[in-house]
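User: I have a structure open and would like to go through it chain by chain. Can you take short questions as I go?

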Amino acid sequence: MLSIALWISLTFIVLALAMNVFRLAIGPDIPDRLLAVDTMYVNAIALIVIIGLWLNTKTYFEAAILIAMLGFISTMAICRYLLRGDIIE
Amino acid sequence: MNLSFMIEALISVLLVLGGFFAFTGSLGMLMFKDFFMRLHGPTKGTTLGIGCVLIASMVYFTLYQQEPHFQELLITLFLFITAPVTGHILAKTGLHMHLKYITGTQGLQPELKDEDVGQSRVARPARPKRPGDIKARRKQLLKSRGR
Amino acid sequence: MKPERYLPAPGLSLVLFLTWLLMVSSIAPGQLLLGLVLALTIPLSIRRLWVPLPPVRHPIKLCLFILRVLSDIVKANFQVSLLIWSPRRAPHPGFVVYPLQVQDRLVITLLANTITMTPGTVSTNIRHDRSSLLIHALDMSDEQALVKDIRERYEQPLKEIFEC
């Protein structure tokens, strides 16, 4: 049962990532693309966690933490650049 | 119906729900018509989806494998704190850049004041007069060129 | 030699210590010592940036509020999912100006984050003078009802919890 649930979840996440890439390609403006990249970060964390469950290992959680932090900070930095033209004032 | 079966069922349900919510969030981001509506999918759906997946992983390692593991709790908390902040600043950027929103949006025309953004602002596109105005102007331009 | 000089924010220190232990996920003596050092030095180094937080007056009400917000998050997800999966019914989005009654920075932040996470609304801008909040609603039928709902469900409990 667990392996079937893992398959279903993995399929959903991969489809979500594909839709994010599509929005990244067609997004009419910069904030749309930024939103797509931000969602991709979150979905990538989900993918890593599911692969960790699949392989029954805990090694990947450090990578998940790093991706979460880098994703948040880079999104904030680009938004501040778009808003004020300056990241650190 | 023993205990390990129950735990396995709980993990499976959480995993499938998490995947479904993440998928729904991304679908909303793909399907909706304007930027502010697209923002609703990822801030809610994807965040709860990843929360479900992380809790499933925590239950799996702690109860199913009998090895306590709580790093996921840290990631979950971090994501639940940062997702609204990201959504807020993305929406603010969208307002600042005068993104179009679909006709039929109720309420007043939102406008950022100067002090809301700060002193050294970036140049931004001017607000279009009405949604669909660009297309009309282009048609007029083509007509004036005699095509 | 006052304790406030070396421990400016005890709550922050505790949170940092627990976060460090969660991150390395072990309680070996070395990690405990390193966590203690970090929990003592980080608050000292960010002391100048630190904004004093209002004290929590009613911890029980805070727990109730967190439970309500969690249940609302789940409810919000089902609502938004329903809207996303039924493309025939076009939603009616709208911008709402929500006049704020609280003035404290932390409370406004909490309120804005709560609004973003709960049914069909995203906070988009806080006025610089903290007088109002601009909200984008995904599916809005009545503007006044939305403002009243947010005021009764989220702002009043927050006001009672922090008494401001």
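User: What pattern does chain A follow along the sequence?
Analyst: This is a predicted model. Read along the sequence, chain A runs α-α-α, with 3 helices and 0 strands.

User: Is chain A spread out or a compact globule?
Analyst: Chain A is more spread out than a compact globule, because its radius of gyration is 16 Å, well over the 12 Å that the globule rule gives for 89 residues. Its C-alpha trace spans about 50 × 30 × 10 Å along the principal axes.

User: How much of chain A is buried?
Analyst: Buried residues are 40% of the 89 residues in chain A.

User: And what share of the contacts in chain A comes from residues 24 or more positions apart?
Analyst: Counting contacts with a separation of 6 or more, such residues account for 41% in chain A.

User: Now the A to B contact. How many residues does each chain put in?
Analyst: Chain A contributes 44 residues and chain B contributes 50 residues.

User: Which elements of chain A give two or more residues to that side?
Analyst: Helix H1 (2-26), helix H2 (30-55) and helix H3 (61-84) of chain A do. H2(A) gives the most, with 15 residues.

User: What about the classes on that side?
Analyst: The side of chain A that touches chain B divides into 30 nonpolar, 7 polar and 7 charged residues.

User: Back to H2(A). How far does it reach from its first C-alpha to its last?
Analyst: H2(A) has 26 residues and reaches 37 Å, close to the 38 Å expected at 1.5 Å a residue.

User: What follows H2(A)?
Analyst: Asn56(A) does, and its phi is positive, near 55°.

User: Change of topic: B against C. How many residues from each?
Analyst: The contact takes 35 residues from chain B and 32 residues from chain C. On the chain B side, the elements that give two or more residues are helix H1 (3-31), helix H2 (35-38), helix H3 (40-64), H4 and helix H5 (114-117) of chain B.

User: Which of those has the largest share?
Analyst: H4(B) has the largest share of the side of chain B that touches chain C, with 9 residues. By class, that side has 16 nonpolar, 14 polar and 5 charged residues.

User: How do the axes of H4(B) and H5(C) cross?
Analyst: The axes of helix H4 (residues 71-96) of chain B and helix H5 (residues 105-117) of chain C come within 9 Å and cross at roughly 90°. H4(B) is therefore roughly perpendicular to H5(C).

User: Which residues make that contact?
Analyst: From H4(B), Pro84(B), Gly87(B) and His88(B); from H5(C), Ala112(C), Asn113(C), Thr116(C) and Met117(C). The contact of H4(B) with H5(C) has 3 nonpolar, 4 polar and no charged residues.

User: Last one, Ala137(C). Where is it found?
Analyst: Ala137(C) is in strand E3 (residues 132-137) of chain C.

User: Does Ala137(C) count as buried or exposed?
Analyst: Ala137(C) counts as buried, because it has 25 C-beta neighbours inside 10 Å, and the cut-off for buried is 20 or more.

User: What is Ala137(C) in contact with, beyond its neighbours within four places in sequence?
Analyst: Ala137(C) is in contact with Pro93(C), Gly94(C), Val96(C), Gly120(C), Thr121(C) and Leu146(C). Of these, Thr121(C) is 16 residues from Ala137(C) in sequence and 4.3 Å away in space, C-alpha to C-alpha.

Methods. Residues numbered from 1 in each chain as written. Chains lettered and ligands numbered in written order. Predicted model: local features only at pLDDT ≥ 70, side-chain atom pairs only at ≥ 80, totals over all residues. Contact = placed C-beta atoms within 7 Å. Helix = DSSP H or I, 4+ residues; strand = E, 2+ residues; numbered from the N terminus. Nonpolar A, V, L, I, M, F, W, Y, C, P; charged D, E, K, R; others polar. Axes fitted to C-alpha atoms, helices over the stretch in contact; angles between N-to-C directions. Parallel < 35°, antiparallel > 145°, perpendicular 65-115°, else oblique. Expected span 1.5 Å × (residues − 1). Buried ≥ 20, exposed ≤ 12 C-beta atoms within 10 Å, placed from the backbone. Rg over C-alpha atoms; globule rule 2.2 N^0.38 Å.
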